[in-house]
Amino acid sequence: MTDVPARPRADLRRAAERYRSTPAEGVETRHAFSFSGHYDPKNTHFGALLACNEELLAPGGGFDEHKHRDTEILTWVLEGALAHRDSCGHGGVVRPGMVQHLSAGSGVTHTERNVGGAEGPVRFVQMWLQPDVFDAPPAYGLRGVERAADGLTLLASGLARDTGTGALRLRRGDAALWLVTAGPWQPLPALPTAAYRYAHLTAGSLGYRTVPGPQGGGRSMVPGDSVRITGDAFAAPTAGEAGAELLLWEMHTPVSYG
């Protein structure tokens with residue numbers, strides 16, 4: 001999807017619709033977009049987002065050394081702990097409540113594995129964003145997240161308005177990643193507006209109307225579901241009985257090639 005639709009749209013994608021792959025022993029990946037050997041020409045990206053993978057690594061499992069270039073890679077752990085090592089000397093262990101950013105720039109190799117000695121799996125969401133600065137030196141960031149009282153926590157951003165906030169800095173000047181939370185039966189906080197918004201539910205449940213007003217149909221989401229939003233679609237989002245937690249991308253332009 002490249003251009004903003006003429007009408008606002010909230011395109012719900014169910015967790016069960018994701019393409020499942022097992023790229024290595026002890027690794028299970030569920031892809032939101034075309035990826036590796038799976039190619040759907042109608043589903044290559046949304047806005048500037050190139051990948052949103054749900055990963056499950058068994059004890060002892062992980063991704064061996066592999067290379068990335070000119071990609072912003074954001075990781076949010078849901079369960080367990082993920083060990084990261086890269087060719088630039090960066091290393092860290094990502095746990096729930098932390099966000100990791102690897103800016104691949106001119107090229108970096110790294111490994112990602114379930115932390116040594118783990119008795120259970122590590123489960124995480126990894127998202128790839130196209131930068132608008134290319135061939136830059138690779139960079140790495142890892143930070144603990146203090147959740148905002150209003151339910152809208154900025155995790156990473158490249159927007160000038162967010163300079164100095166403490167959020168991880170993206171090499172894309174018109175995109176930001178948010179953690180959005182709400183208590184049981186509570187409405188979500190007012191969400192940032194953008195030409196493209198991508199919401200991925202990580203915990204709880206959520207209901208919303210496709211567009212504002214009586215013409216909007218009711219929809220519900222469970223963990224692993226995502227919705228691709230343009231315009232003022234995705235109206236009146238409200239958490240279910242266990243509350244809701246979601247990752248929200250704010251993107252003002254789509255991918256650009258050439």
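Does Tyr196 count as buried or exposed, and at what relative accessibility? Tyr196 has 2% relative accessibility, so it counts as buried (under 20% relative accessible area; exposed is over 50% and partly exposed lies in between, with a 1.4 Å probe and protein chains only).

1. A word on the basis: this is a predicted model, where local features need pLDDT of at least 70, side-chain atom pairs count only at pLDDT 80 or more, and totals for chains, interfaces and linings use all residues. Residues are numbered from 1 along each chain as its sequence is written, and side-chain values use heavy atoms, leaving out hydrogens and water.

2. There are 5 aromatic pairs here (Phe, Tyr or Trp rings, the last by its six-membered ring, with centres within 6.5 Å; stacked under 30 degrees between planes, edge-to-face over 60, tilted for the rest). For Phe46 and Tyr196, the centres are 5.4 Å apart and the planes stand at 85 degrees, so this pair is edge-to-face.

3. Do look at where these two sit: Phe46 is in the loop between strand 3 (27–31) and strand 4 (49–57), and Tyr196 is in strand 16 (residues 196–209), so the pair ties together parts 150 residues apart in sequence. Strands are DSSP runs of E, at least two residues long, numbered from the N terminus. Phe46 also counts as buried, at 1% relative accessibility. Together with Phe33 and Tyr198, Phe46 and Tyr196 form one aromatic cluster.

4. Strand 3 runs antiparallel to strand 4, joined by 5 bridges, and pairs with strand 2 (residues 19–21) in the antiparallel sense over 3 bridges; pairing takes at least two DSSP bridges. Arg30 stands opposite Arg20 and also opposite Glu54 in strand 4.

Key
Helix = DSSP H or I, 4+ residues; strand = E, 2+ residues; numbered from the N terminus.
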